[in-house]
Every structure is written in C-alpha cells, then in structure tokens.
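Biologist: I would like a close look at a single part of this model, followed outward into its surroundings. Please take it slowly and keep the account connected.

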Amino acid sequence: MDASPASAIKAENLVKLYKGTRAVDGISFNLALGSITALLGGNGAGKTTTIAMILGLVTPTAGRVSVLGAEMPRQRYQVLARMNFESPYVDLPTRLTVRQNLSVFAELYGVADVAARIAELATALDLTDFLDKWTGRLSSGQKTRVSLAKALLNRPDVLLLDEPTASLDPDTADWVRGHLENYRRSTGATILLASHNMNEVERLCERVIIMKKGRIEDDDTPQRLLARYGRETLEEVFLDVARGRQREAAQ
Amino acid sequence: MMPISPHRVAAMVRRYWYLLRSSWPRLLDLIYWPMLQMLMWGFLQSYVAQTGGMLARAGGVLIGAVLLWDVLFRGQLGFSFTFIEEMYARNLANIMMSPLRPIELVIALMTVSIIRLAISIIPVTLVAMWFFGFNLWSLGIALAVFFANLILTSWSIGLFVNGLLLRNGLGAEGLVWTFMFLLLPLTCVYYPVSVLPHWLQYVAWALPPTYVFEGMRALISDHVFRADLMLQAFVFNVALFAAASLLFVWLLESARAHGKLLQSTE
C-alpha cells in the first residue's frame, strides 16, 4: 500500500469480462484527492462494474485499481473503513428500524461515538422523525436519505454514489446535493458519482468521465466538454456521445 | 494474521437479533416444527414400547435421535438461513463492502445459530420431559460432547451451503433447506450403522454425526459413554470444517470474480 498516494482512486487498463462480454474494456483514470467526479454513461456502459471494482466487490479480469494507495480487492481491508457507498439498488434491512440499521453499520465501520454520530446525521439529513420506524415502512425518498446517512456514518475519505438523488423530489434532491457539497468542502473527501441527472452533475462535479460499451469515450471538466461539443448542457453532450455523434460534434 | 474485531462480530449478532425479535411468527417458526416432530416420534415410540419390542428396552432412543437430529439440522438452518436474510434484504453488498471480515461474519453466524437453536430446542426438550418422561439433559457431559460434535458438522455444512449461495445467488436457496437431508439416511440417525449395506457403512463412518448417533444409542441402550466414538467424530469434524472453510473462501472469491456480490439475485 502506498503510504501517501497522489490520487484517491487510480485505475490502470482496467478490464472486466463476463462470459466473453467486455463489461469494462481497458479504462484508466486518476481521481485527485478531494475531487468530485461524475461517471456518466447509458445502461450497460460499465459504470456499476467500475464502481464495484473500486469497492472491491468485483475482481478485475485485467489491469489494476487502487483506492488511497491500496490495491483492490487484494488490500481492501486497509481502506474499506475509509470508504463508503450509496445506491438505490442496494437496500438496508427493512425489518430493522433506521436507528438499528445505522447503529449496526456504525459499529461495522468502527465509528467512535455511535449515538452522537447518528444524532448528528439525523439532524443533518432530517431523519429524526423516523429514526425508530422500520426502514421498510419509509417512502423511497426517506430510504434514500437513510442510505446516504449510512454512507456518511464513517465520514468516508472516498465516497461512491450511484444515483444518489434518484427517487427524491426536486426540493429534497437539491437539499441532498447541498449536503454533499458541504460534506466535500468540510472534509476534503473524494466523491465519485454515477448519475443520470445532468443538472446534478453540472452543479456538483468538476470532472466528467463518460463511458460507453465499457470504454471511456470522453473525460474532461464540464465546461470544456460543453465548449468542445458546442452544446449548452451536459445532457446534449451525453446524447451526442450515446448516439455516436461525439467525433463530428467535437470536430 | 487478520485481526478479528469483537465489535464487528457483536454488531452482526445484534443485527440478526433485531431481525429475529422483530417478528413473532419468526420466533414461533423456530419452535413449531421441532415440537411437532418430537411429539410425533414420541407418540410412535410410546406405541412401539407398548408392544414390548426392542425399543421398549431402550426407551428414549427415538426421541433422543429426533432431538439430536434437530441440533444438527436446526444448527445448519440457523447458520444458513440467517445468511440468506442478507440476500432477501438486498443488503449483501453493504455487508461485503464494509470492513467486516468473512471470518467475523462466520463467527456471528455461528453465534446466531446457537441462539436460534436454544430458542428452538430448549422448550422442546422440556416438553419431551413432561410428555414422555425423556430427559435429554440427564445425559449430562455426554450431551455437551454430542452437541459440540453435531454443531460443528452443522456449521461445516452451513459454510458450504452459504458459499454456494454467494456463488449462485438465490438460485441455490433450496439447498439451505434440503442439503442436510442428504445426511439423514447416511448418518444412521434412527437405526444402527449395521443396518446399512456393507459398502455404504464406509460412507456412513466417514461422516461425523454417525459417531454421535451411535454413541447416543450406546449411552441410552447400554449406558456406556463411547469416548472413542466422540474423539473420532471430532477428528472428522476438524477435517470437515477445514474443508468447508476452504470451499467457502474459494466460492466467495469466485462470486467476487463473477460479480455476484453486488447483485445477489438468481
């Protein structure tokens, strides 16, 4: 493990094959410490597989990925306590109350003062009213906030988010984005965000990696992408890439 | 050597305890079937005893076998069913990306399987005492040795089944319930090993529970505690547990390679 890594996440020629299909096809990138990066791409572009390899949940077929200098998944236990993840596709147990779920995960992550941390997050993410309700009885928006609280329990240095505001109403989604901005600003955490919400990406991210069919199609700041493609919004850029118009648009 | 965190183990035990106590049907389910089975076999034994056969002279052999079989079966069920709850809840990825080590998860599952077994078996043994005058607890230290050997086997089978669940997702769900029944005829729960065809006896003697059930019959029928059988069972159990642990780790890494830890459905 690299004692003082220059990058928070580093992928080198990362490949993942599933039964002959190249889910991820030789991608490389470096995410600087304290940066917020968006991972964009249509369904099947390889975003989730890439995130899973970063988390150590999937072993790469070839190439390397490291987090805070620790190679994943081989050295994962050196960094898992400093990472966390939130996704609407991974649930918390429904038959436990929110408080029970959060306390279990706080202990798994070695949080020092569990009750105080839960109280702090409950206030910050407006969970107080349903802390003692079963998680399964919450609305999808409430569940998303609880999942976000779980992801922030250990004050992660590296936070991976998969569509963090999916299923939230615009007001709550905006509020969550504000919370993530504050979290990054106050902790200097590195955030990698997979999202289909281009407004969210434009607001939060200083870098955008666009994937298609397992490859990185483009990688730049939102401003430079907009300028290069001659578009007003990232959504238009995304559509250009998704529909194979990027080369002519970029030219 | 990987450090084991008692805090993480305790957190997982608490997580499963919260789940267990959140639903009275779950608790009832733990007692219902063992109770029914014990009553059925208990009445059958009472009937056979009235006919003055061999079982009349060896009172309690059938009920003893039923109760010890339940230790074996419920021990594995508690171990594997607790794990499958993570898949039902779509929580497996959260667990696998946390700092929880596989060995800590396994220790938590062992602890919970003992808790579930206690909830399941203790009331049944008390009813057996009341209904049929069979006191399993009177076996004393022998009971502890029987229990230790059976629970070790149940954890080994549970580890293997959980590995299959990780690797194959909920498609392997049926094995949680049925795998142990493969051992039912082979480990001679209700009859002596000598009943089996000669060639099958080699298979039976390769399975640790066979020694326990033979030992139980020797104790109840002949009032002899066969320490030699228990020692052999323990040696086989150590080998079985080591093999099951290696298989579990291999299946876990195979699941990681095939992307099954994030999406643990069929």
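Biologist: Which residue of E7(A) does A:Glu86 stand opposite?

Modeller: In this predicted model, the residue of E7(A) opposite A:Glu86 is A:Leu161. The pair belongs to the junction of strand E6 (residues 83-86) with strand E7 (residues 158-162) of chain A, two strands that run parallel and are joined by four bridges. In a regular strand, side chains alternate between the two faces of the sheet. Strand E6 of chain A is covered on both faces, with A:Met83 and A:Phe85 buried on one side and A:Asn84 and A:Glu86 buried on the other.

From this junction one can walk across the sheet, which is open and has six strands in the order E6-E7-E8-E3-E9-E10 of chain A, with mixed pairing. E6 and E10 of chain A are the edge strands, each having a single partner, so one side of each lacks a neighbour in the sheet. From one strand to the next, the twist averages 15 degrees.

Further along that order, E3(A) and strand E8 (residues 190-194) of chain A run parallel and are joined by four bridges, with A:Ile36 standing opposite A:Ile191 of E8(A). Helix H1 of chain A packs on the sheet, where it touches E3, E6, E7, E8 and E9 of chain A, and its direction makes about 155 degrees with that of E7(A).

Strand E3 (residues 36-41) of chain A is also joined to E9(A), again in parallel, by five bridges, and there A:Thr37 has A:Arg207 as its bridge partner. Strand E9 (residues 207-212) of chain A is mostly covered, since five of its six residues are buried. Five bridges then join E9(A) to strand E10 (residues 215-220) of chain A, and these two strands run antiparallel. E9(A) and E10(A) form a hairpin with two residues between them, and A:Lys213 in the turn has a positive phi of about 50 degrees; at this end A:Lys212 stands opposite A:Arg215 of E10(A).

Returning to the strand where we began, the loop between strand E5 (70-72) and E6 of chain A holds A:Pro73, and the peptide bond joining A:Met72 to A:Pro73 is cis, with omega about 0 degrees. Most residues other than glycine have a negative phi, and most peptide bonds are trans. A:Met72 and A:Met83 also appear together in the surroundings of A:Val67, whose contacts, leaving aside neighbours within four places in sequence, are A:Ala8, A:Ile9, A:Ile54, A:Met72, A:Val79, A:Met83 and A:Val158.

A:Val67 leads in turn to the largest nonpolar core, a set of 152 residues in which A:Val67, A:Leu193, B:Leu67 and B:Leu68 have the most contacts. The largest share of this core, 15 residues, is supplied by helix H4 (residues 61-88) of chain B. In soluble globular proteins, nonpolar side chains tend to be buried together.

The two chains also meet directly, with 28 residues of chain A in contact with 25 residues of chain B. On the chain A side, helix H1 (47-55) and H2 each supply at least two residues, and the largest share, five residues, comes from H2(A). By type, the residues on this side divide into 18 nonpolar, seven polar and three charged.

Helix H2 (residues 98-108) of chain A is itself mostly covered, as 10 of its 11 residues are buried, among them A:Val98, A:Leu102, A:Phe105 and A:Leu108. Its buried residues pack against helix H3 (114-124) and helix H4 (140-152) of chain A, together with helix H1 (6-21) of chain B. Just after H2(A), A:Gly110 takes a positive phi of about 70 degrees.

As for the setting of the sheet as a whole, chain A contains nine helices and 10 strands, and buried residues make up 48% of its 251 residues. The radius of gyration of chain A is 18 Å, which agrees with the value near 18 Å that a compact globule of 251 residues would have. Along its principal axes the C-alpha trace of chain A spans about 55 × 40 × 35 Å. Among the contacts in chain A with a separation of 6 or more, 66% are between residues 24 or more positions apart.

Methods. Residues numbered from 1 in each chain as written. Chains lettered and ligands numbered in written order. Predicted model: local features only at pLDDT ≥ 70, side-chain atom pairs only at ≥ 80, totals over all residues. Rg over C-alpha atoms; globule rule 2.2 N^0.38 Å. Buried ≥ 20, exposed ≤ 12 C-beta atoms within 10 Å, placed from the backbone. Contact = placed C-beta atoms within 7 Å. Pairing = 2+ DSSP bridges. Core = buried A, V, L, I, M, F, W, Y, C linked by C-beta atoms within 7 Å. Nonpolar A, V, L, I, M, F, W, Y, C, P; charged D, E, K, R; others polar. Axes fitted to C-alpha atoms, helices over the stretch in contact; angles between N-to-C directions.
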